[in-house]
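Thanks for coming. I have one structure to go through today, so please bring it up on your screens and follow along.

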Amino acid sequence: MSKIKKENTLTRRDFVGKTLAASAAFTIVPSYAVSGLGHVAPSDKLNIAGIGVGGMGLANLKNLESQNIVGLCDVDWKYAKGAFDRYPNAKKYWDWRKMFDEMGDEIDGVVIATADHAHAVIAANAITMGKHVYLQKPLTHSVYESRLLTKLADKYNVATQMGNQGASGAGVAETCEILWSGAIGDVTKVESFTDRPIWPQGLNTPEKGDWVPDTLNWDLFTGPAKMRPFNEVYHPWNWRGWWDYGTGALGDMACHILHPVFEGLKLGYPSKVQASSSLLLNDSAPVSQAVKLTFPSRGGRQGKMKLGEVDVSWYDGGIKPMLPDNWPSGKNPNKSGGGTFFYGTKDILHVGCYGVEPELLSGKKITAAKTERRVEDEIGLSWNKGAHEMDWVRACKESADNRKPCTSDFAEAGPFNEMVVMGVLAVRLQALNKTLKWDGENMKFTNIGPNEEIKTVIRDGFKIHDGHPTFNKDWTEPMNAVAYAEELVKHTYREGWSLPDMPA
């Protein structure tokens, strides 16, 4: 996917371009020129607001403390207390919509680290206001939302970055360079895995609700998702394991582990997908799952590597791919939370999560030319200690016409995230018992019949009766499979929540 920005005709961009020297690729500009909303900052620092600041959001803000942290928003003020205490001068909000209304002209960029299901609605509205966006992974909860953010970022020409911080380290760059050097020949198969989840999944839906803590606004946490009674099993930590709010281990870790796969093989939309898992429940992600995505030939070559058809397989929940015949006995393929095997016509390349520690299974020495950015070297910070966030700051401050894209800007992260959530789609549609054919351009499956039906388990009904295990599964009513798939591709938001229109 090209990262080249189209020529922009917005007045604020014209203004920025006219105030910069034509030869300057990197220039600190006043905050009013960055935001386009008339605010003059007291320095060349960005004014940044954090939305979802209790966990990873606080870690991101700590890496941005060279800038001005002016606003903090969270639906749980107990969980957010660390951020509130650390930035006492920042304005505090429960609702990001109110924050945008009240201090929109004071904000240059937003850092979003909410639960997955709220990513798109916040980011999309921020982009339409001309705000630069740093958005935690996974980029979105659905395919449609990913496509929308990709197009909005292009239309409004803002600086964007997905929070897969390994993209700013050497691993992804090194992996791509090795592949493109032809060291392993043409890649025909990729197998990746993670050791996640480390949170409970495969849980029965709670039958009773808990009292909502005074420090939590459950309505705002629910946001665009359907309302259900609060339960402590959902928040604050375990929302990843519930389909309404998260995307399971796939969404959590594939954005790290599959990034060198997507970029290195220049993947686009898959043409086919299939999946299997441990017991699939209607509301909770399964304990373990396996997904295979088939990508058609992209045509031509990238360096010395032919871009032919390739199968990409994913495993999680303790499942790993079978090890290659020449894998060293006793050696753990897990590096930093997962690993990937690239099967080429000449050799096999193994890398860890973030593409770290690449090695050829033949034992040959790797000699690939360095052609890709090493952001951590440019910024002077390690990839996991602020390089990723500060590269976004750099992009925010550059002229839109001369901006060097971030390593995971939405032009790449959007299509990449479609690949990730496509895996979630395959898992949730596995009861159709077929390889699903995907029309990526139009975001729809082409081989689900109009009369096909699908149902999933609500509760497993497991009990011990007189010393014998029994199962009395509670199932959903049969649902039209086409309508069910369409809902997974593009969610129906709860009343009161909406997205901007999809740009042409």
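Start at the surface, with Phe462, Ile464 and Phe471, which make a nonpolar patch of about 340 Å². Keep in mind that this is a predicted model. Phe462 is found in strand E20, residues 462-465. Phe462 has a relative accessible area of 41%, so it counts as partly exposed.

Next, the annotations. From UniProt, in an unreviewed entry, residues 47-163 carry the label "domain: Gfo/Idh/MocA-like oxidoreductase N-terminal". In the model that span is 38% helix and 21% strand, and its end C-alpha atoms lie 19 Å apart. A second UniProt label, also from an unreviewed entry, is "domain: Gfo/Idh/MocA-like oxidoreductase bacterial type C-terminal", and it covers residues 208-262. Here the chain is 35% helix and 0% strand, with the end C-alpha atoms 42 Å apart.

Now the sheet. Nine strands form an open sheet with mixed pairing, and the order is E15-E14-E13-E7-E12-E9-E8-E16-E17. Which strands stand at the edges? They are E15 and E17, the latter being residues 444-445; each has a single partner strand, so one side of each is left without a neighbour in the sheet.

Move inward to strand E7, residues 187-194. Six of its eight residues are buried, so E7 is largely enclosed by the rest of the structure. On one pairing, E7 meets strand E13, residues 338-344, in the antiparallel sense over seven bridges. There, Glu191 stands opposite Phe341 in E13. E7 also pairs with E12, and those two run parallel, joined by five bridges. In that pairing Lys189 stands opposite Asp311 of E12. E12 itself spans residues 310-316 and is joined by seven bridges to strand E9, residues 289-295, with the two running antiparallel. Val291 has Trp314 in E12 as its bridge partner. As a reminder, strands of a sheet pair through backbone hydrogen bonds, either parallel or antiparallel.

On to helix H8, residues 170-180. How many of its 11 residues are buried? The count is 10, so the helix is mostly covered, and among the buried ones are Cys176, Glu177 and Trp180. Just after H8, Gly182 takes a positive phi of about 85 degrees.

Glu177 brings us to the salt bridges. The model has 26 of them. Glu177 meets Arg374 in one, at 2.5 Å from N to O. What does that pair tie together? Glu177 lies in H8 and Arg374 in the loop between strand E15 (359-360) and helix H12 (375-379), so the pair links parts that are 197 residues apart in sequence. Glu177 and Arg374 are both buried.

The neighbouring topic is Arg373, which forms a salt bridge with Asp391, the closest N and O atoms being 2.9 Å apart. Arg373 lies in the loop between E15 and H12, and Asp391 is in helix H13, residues 383-397, so this pair ties together parts that are 18 residues apart in sequence. Asp391 has 0% relative accessibility and counts as buried. Salt bridges that share partners join Arg373, Glu378, Asp391, Arg394, Glu398 and Lys404 into one network.

For a salt bridge within a helix, look at Glu102 and Lys98, whose side chains meet at 3.9 Å from N to O. Both lie in helix H5, residues 96-103, four residues apart, which is about one turn of the helix. Why does that spacing suit a pair? An α-helix has 3.6 residues a turn, so residues three or four places apart point the same way. Are these two buried or partly exposed? Glu102 is partly exposed, with a relative accessible area of 46%, and Lys98 is partly exposed at 47%.

Last item, the cysteines. The disulfide count is zero. For Cys255, the nearest cysteine sulfur is that of Cys353, 11 Å away. Cys255 is buried, at 0% relative accessibility. For Cys396, the nearest cysteine sulfur belongs to Cys406, at 7.0 Å. A disulfide here would need the two sulfur atoms within 2.5 Å, and neither Cys255 nor Cys396 is in one. Cys396 is buried as well, with a relative accessible area of 2%.

That is the end of my list.

Definitions and conventions: Residues are numbered from 1 along each chain as its sequence is written. This is a predicted model: local features need pLDDT of at least 70, side-chain atom pairs count only at pLDDT 80 or more; totals for chains, interfaces and linings use all residues. Side-chain values use heavy atoms; hydrogens and water are left out. UniProt positions are given in the numbering used here, feature names are shortened, and annotations may be inferred rather than shown by experiment. Patches are made of residues with over 30% relative accessible area and no salt bridge: like charges are joined within 9 Å, nonpolar side chains (Val, Leu, Ile, Met, Phe, Trp, Tyr) within 5 Å. Accessible areas come from the Shrake-Rupley method with a 1.4 Å probe; for residues, only the protein chains shown count as cover. A salt bridge is a side-chain nitrogen of Lys or Arg within 4 Å of a carboxyl oxygen of Asp or Glu. Buried means under 20% relative accessible area, exposed over 50%, partly exposed in between (1.4 Å probe, protein chains only). Two strands pair if DSSP finds at least two bridges between them.
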